[in-house]
There are 2 protein chains.
Amino acid sequence: MAREKKIDMVVLGLLSHEPLTGYDIKKEIDGAISFFWKGSFGNIYPTLKELEAQGLVARSAGKTEESGREKIAYSITDSGREALKEWLNDEKVSNELRYETLLKLFFGGNAGRDITLKNIEAFERKIAADLKLLKFYKGNLEKVLDDEDHVYFYLTVSFGVETYEAYLKWCAKAKKLLKERIKR
Amino acid sequence: MAREKKIDMVVLGLLSHEPLTGYDIKKEIDGAISFFWKGSFGNIYPTLKELEAQGLVARSAGKTEESGREKIAYSITDSGREALKEWLNDEKVSNELRYETLLKLFFGGNAGRDITLKNIEAFERKIAADLKLLKFYKGNLEKVLDDEDHVYFYLTVSFGVETYEAYLKWCAKAKKLLKERIKR
DNA sequence: GTGCTAATATATCAAACAGATACATCAAAA
DNA sequence: TTTTGATGTATCTGTTTGATATATTAGCAC
């Protein structure tokens, strides 16, 4: 992660669709994107400032835009779009999983099968709930695939559905194995 | 991540099997564990010091243990085992993905189908290579399942195999969809 | 029409982490 | 012989997370 910020590209990517405030960006990231990437105010606001200084984004509506309410919407510039394309065109990626569930599973020998089973079941419940949401997204996107952008959203959500179903399949197998081979 | 260190538990978990140096720990993490968790010297060494101060680990072999070579091996204490069990017994987990591939896919509309296809193919190659390694691990573990610890290692590796196969399945589908629906 | 609550919105901070690098020792190959 | 690569400890910078502080505004109850 260090030495190559990715949140920059998340922000630019979201702004490539429409102008947004920092708060809007946070909301978007907390939606479908949160399944594969996260963001916080702690890096969104500083990033917006940096990107503005670099000329990759611009304020599309300054302070006090009607009411006295402070609200700063940003939009992407041409250089911003170029930077986004450059990143997309670079094959190099870093994909990182940090699965505490698997960590607990790996060291499960220290706690015994009952506790491991309990942990797997908690994981299973969470995944089943998220899968429902993903399938809902997928169903909606299927209806609007003639829009080019939606093709990409659809593929992303499909990735989630496919992998979450594999997780559930594994959960069933794992539970069976742990129950069958009774602890001596 | 902040406010809840997990690397502590990785270190304790590894030391629960055998005494290790910081360097050994790094090597272990870079092996099978790296599929679902990572660690760096930058947090392993400070963690060992903290755990030692807390009495959860102890130096099992001090400096200059035969030759003049500096080598500090740590082993887990009873309190350390207790802390590990407490963590294992806590159902709360945070599972995080940070998939730059999916980020590029999600914003693929800005670059076009050819570039997105190229990125999917790079992902596919990487996953196919890693899957081979995972299957090799799995094959070896299948032979020694009578050891209780190996059951947990086996389940962890199985998780990897299962999900990586789902990734490849998705890659095939995604490539097909992107090629079929020719860009207008 | 006043007070309460939730959502909106900007902003900063400390802790945790990744990746790089520095430095040193040692074994084996070239 | 030297130089390469593995071992080993350690630190630094930049990035990210999660928490928190501070206001404003809209909706609702009373």
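Two strands pair if DSSP finds at least two bridges between them, and a strand here is a DSSP run (E) of at least two residues, numbered from the N terminus, while a helix is a run of H or I with at least four. The model you have open is predicted, so local features need pLDDT of at least 70 and side-chain atom pairs pLDDT 80 or more, while totals for chains, interfaces and linings use all residues. Residues count from 1 along each chain as its sequence is written, chains are lettered from A in the order written, and side-chain values use heavy atoms, without hydrogens or water.

**Stop 1: the paired strands.** Select residues 95-99 in chain A, which form strand S4, and then S4(B): the two run antiparallel over five bridges. Now click A:Tyr99 and look across to B:Asn95, which stands opposite.

**Stop 2: the two chains together.** Show both chains, and you'll find 75 residues from each in contact (heavy atoms within 4.5 Å). There are ten salt bridges across this interface (a side-chain nitrogen of Lys or Arg within 4 Å of a carboxyl oxygen of Asp or Glu). For one example, pick A:Glu162 and B:Lys169, whose closest N and O atoms are 3.4 Å apart. Next, colour H7(B): with 20 residues, this helix gives the most to the side of chain B that touches chain A.

**Stop 3: inside chain A.** Colour residues 6-89 as domain 1 and 100-183 as domain 2; these bounds come from an automatic or database domain assignment. Their C-alpha centres lie 31 Å apart. Five residues of domain 1 and eight of domain 2 make the contact. How many salt bridges does the rule find here? Zero.
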